[in-house]
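Student: Hi! Could we go through this model together and look at what some of the words used for it really stand for?
Tutor: Gladly, let's take one term after another.

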Amino acid sequence: MPELPEVEALSDFLAAHAVGLVVERAEIVSFAVLKTVGISPQDLAGRRVESALRRGKFIGLGLGGSSGNVWLVMHLAKAGWLRWREDIPSTPARPSRGPLAFRLVLEDGKGFDLTEAGTRQRLAVYLVHDLMDVPGIASLGPEPLDDLFTPTVLDGILDRAGGAQIKGVLRDQHNIAGIGNAYSDEILWVARLSPFAAAGRLDADQRAKLFEAIASTLRTAIDQAEGLDAGELKAEKKAGLKVHARAGQPCPRCGTAIAEVSFADSSLQYCPTCQTGGRILADRRLSRLLK
């Protein structure tokens with residue numbers, strides 16, 4: 001799933017390539033992708049792209065026009081992606097069972113496709129007048145790289161979480177915006193914390209390390225993605241990960257084999273030596289540590 005660093009890079013890419021161009025047409029190829037009804041996709045034609053930004057894992061394009069501004073907001077979900085194209089066909093795409101879900105065609109044939117692998121259809125497009133009209137944005141927690149995200153703010157999040165496991169707390173977009181499965185694994189590895197640790201029971205030293213790990217992990221990933229084309233971001237993310245999706249490989253810090261806990265539709269990875277004192281975490285469904 002694209003997370004804060006990749007979505008930030010995609011937003012920057014669109015700012016460099018799409019801002020200033022006029023929309024020729026918007027194509028809804030998969031009917032499930034459009035989550036709003038108040039603004040028609042046809043209303044985007046003739047509007048100029050004025051801005052591109054990120055909120056959590058959402059990408060927003062600000063479109064100006066004589067009838068007022070409109071936001072095109074996109075969430076790539078778990079299996080979605082944005083593909084920039086310099087030569088989009090003039091013939092509109094037809095609805096099909098393929099990966100293409102949405103297409104925005106700009107002047108001179110430029111634009112982008114939103115695609116989604118698999119059949120779950122979680123990729124989402126919203127057309128709104130205000131970003132806060134998107135429910136997922138309205139309910140976002142603080143941005144972890146914002147100056148307003150301080151150790152005190154993190155303390156409040158952890159205290160409110162109580163006995164909840166820190167892995168889930170980091171992934172919950174109501175708590176902190178933009179962190180998903182991959183970077184929560186990376187952050188916890190940097191902070192040397194068990195993914196099953198109770199958030200509210202972390203001591204002052206652990207909280208300080210967690211705060212620093214959030215900032216350093218995300219900033220490093222953003223720096224690595226800077227300047228890359230949209231098509232290069234997936235490979236860059238994978239190459240930069242230390243523990244996530246690396247089960248069985250040696251920990252870059254201590255050499256211990258990275259371990260894994262499987263969920264119904266995902267998994268987490270961690271280092272038993274660096275993060276859990278040598279203990280192997282039990283299946284998540286048991287919510288216990290093996291003795």
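Tutor: We start with burial: a residue is buried under 20% relative accessible area, exposed over 50% and partly exposed in between, using a 1.4 Å probe and protein chains only. One caution before we use that: this is a predicted model, where local features need pLDDT of at least 70, side-chain atom pairs count only at pLDDT 80 or more, and totals for chains, interfaces and linings use all residues. Residues are numbered from 1 along each chain as its sequence is written, and side-chain values use heavy atoms, leaving out hydrogens and water.

Student: Why is Ser 67 called buried or exposed?
Tutor: Ser 67 has a relative accessible area of 59%, and the mark for exposed is over 50%, so Ser 67 is exposed. Its place is in the loop between β3 and β4. Helices (H or I, at least four residues) and strands (E, at least two) are DSSP runs numbered from the N terminus.

Student: And what makes Ser 30 buried or exposed?
Tutor: Ser 30 has 13% relative accessibility, and buried means under 20%, so Ser 30 counts as buried. This residue is in the loop between β1 and β2. Leaving aside neighbours within four places in sequence, Ser 30 is in contact with Leu 100, Ala 101 and Gln 121, where contact means heavy atoms within 4.5 Å.

Student: Which class does Arg 192 get?
Tutor: Arg 192 has a relative accessible area of 45%, so it is partly exposed. Arg 192 sits in the loop between α5 and α6, and its phi is near 60 degrees, a positive value in a residue other than glycine.

Student: Why would a positive phi be worth pointing out?
Tutor: Because most residues other than glycine have a negative phi. Ala 77 also has a positive phi, of about 55 degrees, although it is not a glycine. Ala 77 is in the loop between β4 and β5, and at 7% relative accessibility it counts as buried.

Student: What makes α5 oblique to α6?
Tutor: Helix α5 (residues 181-191) and helix α6 (residues 204-225) pack at about 130 degrees, with their axes 8 Å apart. That makes α5 oblique to α6: angles under 35 degrees count as roughly parallel, over 145 as roughly antiparallel, 65 to 115 as roughly perpendicular and the rest as oblique. Axes are lines fitted to C-alpha atoms, for helices over the stretch in contact, and angles run from 0 to 180 degrees between N-to-C directions.

Student: Which residues make that contact?
Tutor: Among them are Tyr 183 and Ile 187 of α5, and Leu 210 and Ala 213 of α6. The residues of this contact divide into ten nonpolar, two polar and two charged. Here Ala, Val, Leu, Ile, Met, Phe, Trp, Tyr, Cys and Pro count as nonpolar, Asp, Glu, Lys and Arg as charged, and the others, Gly among them, as polar.

Student: How do you know what belongs to a nonpolar core?
Tutor: A nonpolar core is a set of buried Ala, Val, Leu, Ile, Met, Phe, Trp, Tyr and Cys residues joined through side-chain atoms within 4.5 Å. The largest one has 36 residues, of which Leu 72, Phe 102, Leu 104 and Phe 112 touch the most other members. Its largest share, five residues, comes from α1. Apart from it lies another core, of 26 residues, including Leu 154 and Leu 210.
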